[in-house]
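Colleague: I'd like to learn how to read a model like this one. Could you walk me through it, feature by feature?

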Amino acid sequence: MKRILVVYYSRNGHTEFVARQIAARCHADLERVEYRHRRQGVIGYLRSAAEAVLGLRPAIERMQRRPADYDLVIVGTPVWCWNVASPLRTWLQRHHGALDNVAVFCTCAGSGHAKALDDLEGLCGHRALARLAMTERALGQCRGDPAFRHFLLELKRVRSASESLPPTQDRAPA
């Protein structure tokens, strides 16, 4: 896999921090999902929680990059009330057909990550090649975190395996 895209939504910067770390380590392009309305303060928090629990898909800004142009798309979300952030849910609904090879990650205060990662896989339409959950407490040591290192090793293993396979009708020659 040569071209990698990291797509994420971040309300308070935690998911963005992890997305940037992953993109830097994988030499990936980075794309932030932008919500059309403010989500700051108590009202923004309550709106975010309600949308996540109800599975809503709010309007988002148009993105610059197309996931179909990439060999691997890494998708990241904060966990909102044990759910995927609603702006990312909108993006996944629009692009799930172009997500052949995905890895997923989430950031959370401490719980809900397993359900959110399972939901991300469901929204992508198939199992992820690698999964990562980072708690807010572990963010300070992100690069040294065992789960983060394992996630990067899984991505490296997947890339190495795909590059050693002969081209098929589904894969263009490298």
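Modeller: Sure, and let's begin with what counts as an element: helices (H or I, at least four residues) and strands (E, at least two) are DSSP runs, numbered from the N terminus. His27 sits in the loop between helix 1 (14–26) and strand 2 (29–32). Keep in mind that this is a predicted model.

Colleague: How many helices and strands are in the protein chain, then?

Modeller: Five helices and six strands. Going along the sequence, the pattern reads β-α-β-α-β-β-α-β-α-β-α. For contacts with a separation of 6 or more, 75% join residues 24 or more positions apart.

Colleague: Where is confidence lowest and where is it highest?

Modeller: Start with the overall picture: the protein chain has a mean pLDDT of 84, and 82% of its residues reach 70 or more. Helix 2 (residues 41–54) has the lowest confidence, at a mean of 69, while strand 1 (residues 4–8) has the highest, at 97. Over residues 166–174 the pLDDT drops below 50, and beyond near neighbours in sequence that stretch makes six contacts in the model.

Colleague: Back to that loop. What is odd about the phi of His27?

Modeller: His27 has a positive phi, about 55 degrees, although it is not a glycine. Its side of the loop is open: His27 is exposed, with a relative accessible area of 71%.

Colleague: And Ala28, in that loop between helix 1 and strand 2: buried or exposed?

Modeller: Here you need the cut-off: buried means under 20% relative accessible area. Ala28 comes in at 15%, so it counts as buried. As for its partners, leaving out residues up to four places away in sequence, Ala28 touches Ile4, Leu5, Val6 and Ala23. Ala28 and Leu5 are 23 residues apart in sequence, yet their C-alpha atoms are 5.3 Å apart in space.

Colleague: Now helices. Why do residues three or four places apart point the same way?

Modeller: Because an α-helix has 3.6 residues a turn. Take helix 4 (residues 113–124) as the case: its 12 residues reach 16 Å from first C-alpha to last, close to the 16 Å expected at 1.5 Å a residue. Buried in helix 4 are Ala116, Leu117, Leu120, Glu121, Leu123 and Cys124. Looking down the axis of helix 4, the buried residues fall within an arc of 165 degrees, so they line one face of the helix.

Colleague: What do the buried residues of helix 4 pack against?

Modeller: Strand 3 (72–80), strand 4 (83–84), helix 3, strand 5 (102–108) and strand 6 (131–135). Just after helix 4 comes Gly125, with a positive phi of about 100 degrees.

Colleague: How many of the residues of helix 3 are buried?

Modeller: Seven of the 10 in helix 3 (residues 86–95), so call it mostly covered. The buried ones are Ser86, Pro87, Leu88, Arg89, Thr90, Trp91 and Leu92. For the protein chain as a whole, 46% of the 174 residues are buried.

Colleague: What about the surface: how much of the exposed area do carbon and sulfur atoms supply?

Modeller: They supply 50% of the roughly stated total, about 9300 Å².

Colleague: Last one: how many disulfides does a search of the whole structure find?

Modeller: The general idea is that a disulfide is a covalent bond between the sulfur atoms of two cysteines. In this model the search finds zero. Two cysteines to look at are Cys26, buried at a relative accessible area of 6%, and Cys124, buried at 1%.

Methods. Residues numbered from 1 in each chain as written. Predicted model: local features only at pLDDT ≥ 70, side-chain atom pairs only at ≥ 80, totals over all residues. Heavy atoms only, no water. Disulfide = S-S within 2.5 Å. Buried < 20%, exposed > 50% of the residue type's maximum accessible area, 1.4 Å probe, protein only. Contact = heavy atoms within 4.5 Å. Areas by Shrake-Rupley, 256 points an atom, 1.4 Å probe, with all protein chains shown as cover. Expected span 1.5 Å × (residues − 1). Arc of directions from axis to C-beta. pLDDT = per-residue confidence, 0-100.
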